[in-house]
Amino acid sequence: DGAGTYFEVAPWEVNAKDEAIVSDMFALVGDRARKFGMVFGFLTQKKQFGAITFDSEQTEVGVHCNCDEVRLTKNSWIETDWAAIMFIPKLPLEPLADYMNLVGLINNAPKFQLSDVHTGWCSWYHYMYDISERCIRSNLDHLLMKRREYPITLFQIDDGYEPKWGDWTNLKKEFPRGEETLKDLAQSISKEGLLPGIWLAPFSCDKGSKLEKEHPDWILKYENGRYANSANCGKFFLGLDVTNPEVQKHARETLVRAVKSWNFKYLKLDFLYSSILRARRANDRITRAEAMQHGFQIIRESVGQDTFVLGCGSPLGSAIGWVNGMRISADTGPTWKPPFPLSTTCQWNLPCARNMVRN
């Protein structure tokens, strides 16, 4: 019930799917004919995941904080993130600029640097899971031969070096010397003046993984004990409870290993949202947004300030100030439109070139 106990809730807010327009964190409404607009938005997403809602005619607006039914102790209270309403009298070419600059300032986001924009090679979009030490080295050698044509700065190994998510030190036989193979690959990439990158999902694991078998208590579950649904990325996988101290230790060790032992300087960290699924958590007194902040704090403390962190599969507002780069669209794919025969309700979120460029 939340705020509805104290404030009147409009019918279009109750039945949001049918009668309301919903936008996470912020929204811009404008009248192009009169060249006037307004921005409604939260300045942070550290306390709750906030959303802006409009009725279907865009004459009424609601600002909502999702408190996730957190349990409060006696005489305690909940603070929300600050929200802002900004008038844009002339509707400039970049009407969100002032709002975004304010958000960046409050979240201590570093200023944009051209050196943070990398052009590089990633194994995923051609090889998918089917990678090996041999194919990685072959592509590296080829790109070095073609360096004048392809002036890349980054060379990134994506998913596929491990048989199961979560079992990050148990590499596939195609990487015959295990972790030593990754160390040597990172060294070979660095020696050529390129940034060595690797993919990880530090808050996720696969069904059937060694991690799942040995630590089922780390996995987010519903009240009925069933695993929480982490959605489908071509397979169903599991989310780890980032409020669990043992999961935090596991994540730190995974990240430190990638940077300090394997010597990768660029981390593509994927499916971060899986740590904050709607489920029973070890700490039920914090919101999912607060749990996500714990996750990002663990990430940055583990890898240091000199490691380039690319956020993927994360609530966008939560990542501001923590990551160096962010995927802000749906994943790309080898076709223009989504090829999967799934529900039309998620056609704009499925991997394909159209959805990627739309962002």
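**Exercise 1. Is Cys312 buried or exposed, and why does the predicted model hold zero disulfides?**

Step 1. Cys312 has 1% relative accessibility, so Cys312 counts as buried. The model used here is a predicted one.

Step 2. Look at the sulfur of Cys312. The closest cysteine sulfur lies in Cys122, 9.1 Å away, too far for a bond.

Step 3. Apply the cut-off. A disulfide needs two cysteine sulfur atoms within 2.5 Å. The sulfur of Cys122 has its closest cysteine sulfur in Cys312, at 9.1 Å, so a bond is ruled out for Cys122.

Step 4. Check the exposure of Cys122. At 22% relative accessibility, Cys122 counts as partly exposed.

Result: the structure holds zero disulfides.

**Exercise 2. Find the edge strands of the six-stranded sheet, then say which helices pack on the sheet.**

Step 1. Write down the strand order. It is S7-S8-S9-S12-S13-S14, in an open sheet with parallel pairing.

Step 2. Read off the edges. Strand S7 (120-122) and strand S14 (325-326) each have a single partner strand, so one side of each has no neighbour in the sheet.

Step 3. Follow S7 to its partner. Three bridges join S7 to strand S8 (residues 154-157), and the two run parallel. Gly120 stands opposite Leu154 in S8.

Step 4. Add the helices. Helix H6 (residues 179-191) packs on the sheet and touches S8 and strand S9 (195-200). The direction of H6 makes about 145° with that of S9. H8 also packs on the sheet, touching S9 and strand S12 (266-269). The direction of H8 makes about 150° with that of S12.

**Exercise 3. Describe how helix H8 packs against helix H9.**

Step 1. Set the geometry. H8 (residues 245-261) and H9 (residues 288-303) pack at an angle of about 35°, and their axes are 8 Å apart. H8 passes H9 in a right-handed crossing.

Step 2. List the contact. H8 gives Gln248, Ala251, Arg252, Leu255, Val256 and Val259. H9 gives Ile298, Ile299, Glu301, Ser302 and Val303.

Step 3. Sort by class. The contact has seven nonpolar, two polar and two charged residues.

**Exercise 4. Trace the three-stranded sheet and find the bridge partner of Gly50.**

Step 1. Take the order. It is S1-S4-S5, an open sheet with antiparallel pairing.

Step 2. Mark the edges. Strand S1 (20-24) and strand S5 (61-66) each pair on one side only. Neighbouring strands of this sheet are turned by 25° against each other on average, direction ignored.

Step 3. Join S4 and S5. Six bridges link strand S4 (residues 49-55) to S5, running antiparallel. The bridge partner of Gly50 in S5 is Cys65.

Terms used:
Residues numbered from 1 in each chain as written. Predicted model: local features only at pLDDT ≥ 70, side-chain atom pairs only at ≥ 80, totals over all residues. Heavy atoms only, no water. Pairing = 2+ DSSP bridges. Helix = DSSP H or I, 4+ residues; strand = E, 2+ residues; numbered from the N terminus. Axes fitted to C-alpha atoms, helices over the stretch in contact; angles between N-to-C directions. Buried < 20%, exposed > 50% of the residue type's maximum accessible area, 1.4 Å probe, protein only. Left-handed = near helix turned anticlockwise from the far one by under 90°. Contact = heavy atoms within 4.5 Å. Nonpolar A, V, L, I, M, F, W, Y, C, P; charged D, E, K, R; others polar.
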